[in-house]
Protein chains: 2
Amino acid sequence: MTLPERKIGGPEASEAGQTPLAIVCGGGSFPAAVAEAVSRSGRPLVMFGINGWADPNVAERYSHHWVALGQVGRLVRLARLEGCRQAILIGTVLRPPLTKIRLDWPTIRAVPRILRAFRGGDDQLLKGVAGIIEDAGLQIVGLDQVAPEIFVPEGVLARRQPTERDKADIARALAVIAALGPFDVGQAAIVADNHVLAVEGVEGTDNMLARIAEMRGQRRVTARLGTGVLVKSPKPGQDRRFDLPAIGPHTVENAARAGLAGVAVTAGSTLVADPMEVIASANRSDIFMVGVSEAASP
Amino acid sequence: MTLPERKIGGPEASEAGQTPLAIVCGGGSFPAAVAEAVSRSGRPLVMFGINGWADPNVAERYSHHWVALGQVGRLVRLARLEGCRQAILIGTVLRPPLTKIRLDWPTIRAVPRILRAFRGGDDQLLKGVAGIIEDAGLQIVGLDQVAPEIFVPEGVLARRQPTERDKADIARALAVIAALGPFDVGQAAIVADNHVLAVEGVEGTDNMLARIAEMRGQRRVTARLGTGVLVKSPKPGQDRRFDLPAIGPHTVENAARAGLAGVAVTAGSTLVADPMEVIASANRSDIFMVGVSEAASP
């Protein structure tokens, strides 16, 4: 069995790193990519699909169980029975209405904490859920520990190169994202010719890009076609164990439709589910695609 | 002739304050409200409608001229002939494509400055234009000097009162707007239950509210109906002579459609074209409407 070379922690953590990994799966294409990467690394895994969110075709490709949102007790009990000591949370679970959540006893005991978490942004909500899972006996680990290859690497990834102008727009967008760090909002922004066009809220990146495409059609965005960048980056202080920014081929296609010059993401902390298809898509649309180093972020 | 009691500056400025006011008019309903307020104050005025933007029914109600965007030389020459020494810029002129601008000689000499201004946000663009007009011989004054009654006053303006929860959301939205100050973007944000839902970019307030209404319909915003606030406030360091945030009855109606509890704006620096209709609209929709003091902003 091949183990990742990086040490996760002390001797106990290293031992935990040899147990099967519990992958708690929401929707989207990332759970499949993560499961494949973990599987390739040789580590056994058990999928825990969240009812209504996880894709059965993905979850059921491996040893798996289904859990409802709020069934933290059941999740942890099943995971421990499978020999798991570590878990990751991956995939989308849109902020659910409270009425849709089915609570089991360990979760009900944590209700005051969950309500506190619900009052904040998504990051706080996930931190709250992770804390409850950890207290129940499963360590939540980061994706960088179990599937480092699903992160965007540093450098220019497709054919087109960013210009000096593009680089200045990237720096400005990174600064906007950094300024919003304390507010648990905005892992993405669009800047063209030094002008901040959009900041992402709960609508998500694709909706933000669609807005720019529409306003360009209406001449409400007058920056020349082929100028402007989409930048995605985790908020400063973002807990790297969950809610990391992610891109896929549709991000690149939507950026092209919005008339942008390219897409920049923070290397090592932005997920990409299908890197080859992302690069092919950037080349087809002739837009640039770069991983920028976090150290270079202002 | 009744003069405003507030002193504008030294003796020269006070003398200039007695000359007819040049009102450079873009689109929207504010030029009419400003012209009425100035007229009520007893000061003579001359309207300079911007071709394609100003409403002829408003401009032609007073002494008036028409100017094209970029004809700063013609504007200043005509204003001086009318005896004007001071001007205000009011109304919307969406960031125009460079090709739509007709330049006259004084403007052409300022082209490098205009291009520099074009590379920044809207605020920088307006500062650039104002600087060119001032260099050509017209002082740009603030609306607070000539029509103070078109600003939202402090306090609760309609029937409904904001709750403690609403006040906390207002404080958070003001903090988001303050954090974005350096970037010349975002004079508005929406926060519900401490969760930042949206930050305004170039799309404008109505589009931002429409987005929240739509996401509420799709259950992507799960905050209870009747929670959440829209907050509008000038960016810190905003030049108070132009581009101040503005609200009207449609802002209140759109906030109600987005399921919000209310609207808060900075007192004394947010324009309202039709205050009675704004209050009536808030009462009809049962949402609160408050002017918050800038001193209270975090």
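**Sheet and helix arrangement in chains A and B**

Helix α4 of chain A (residues 72-81) lies across strands β1, β2 (45-50) and β3 of the same chain, and α4(A) runs at about 165° to β3(A). As with everything reported here, this comes from a predicted model.

The strands beneath this description belong to an open sheet of chain A, in which 5 strands follow the order β3-β2-β1-β4-β5 with parallel pairing. The edges of the sheet are taken by β3 (64-67) and β5 (139-140) of chain A; each has a single partner strand, so one side of each is left without a neighbour in the sheet. Further in, β1(A), spanning residues 21-25, pairs with β4(A), spanning residues 86-90, in the parallel sense, and 5 bridges connect the two. For readers who wish to find this pairing in the structure, a handy landmark is A:A22, whose bridge partner in β4(A) is A:A87.

Attention turns next to helix α2 of chain A, which covers residues 30-40 and is mostly covered itself, with 8 of its 11 residues buried. The buried set begins with the run A:F30, A:P31, A:A32, A:A33, A:V34 and A:A35, and also includes A:A37 and A:V38. Just after α2(A), the backbone at A:G42 adopts a positive phi of about 95°.

Taken as a whole, chain A contains 12 helices and 13 strands. Of its 298 residues, 55% are buried. Its contacts also reach far along the sequence: among those between residues at least 6 apart, 73% join residues at least 24 apart.

In chain B, a helix pair offers a further point of interest. The axes of α11(B) (residues 249-257) and α12(B) (residues 275-285) come within 8 Å of each other and cross at roughly 15°. Because of this angle, α11(B) counts as roughly parallel to α12(B). The crossing of the two helices is right-handed. On the α11(B) side, the contact is made by B:P249, B:V252, B:E253 and B:A256, while α12(B) contributes B:E277, B:V278, B:S281, B:A282, B:R284 and B:S285. Sorted by class, the residues of this contact comprise 5 nonpolar, 2 polar and 3 charged.

Definitions and conventions
Residues numbered from 1 in each chain as written. Chains lettered and ligands numbered in written order. Predicted model: local features only at pLDDT ≥ 70, side-chain atom pairs only at ≥ 80, totals over all residues. Heavy atoms only, no water. Axes fitted to C-alpha atoms, helices over the stretch in contact; angles between N-to-C directions. Helix = DSSP H or I, 4+ residues; strand = E, 2+ residues; numbered from the N terminus. Parallel < 35°, antiparallel > 145°, perpendicular 65-115°, else oblique. Left-handed = near helix turned anticlockwise from the far one by under 90°. Contact = heavy atoms within 4.5 Å. Nonpolar A, V, L, I, M, F, W, Y, C, P; charged D, E, K, R; others polar. Buried < 20%, exposed > 50% of the residue type's maximum accessible area, 1.4 Å probe, protein only. Pairing = 2+ DSSP bridges.
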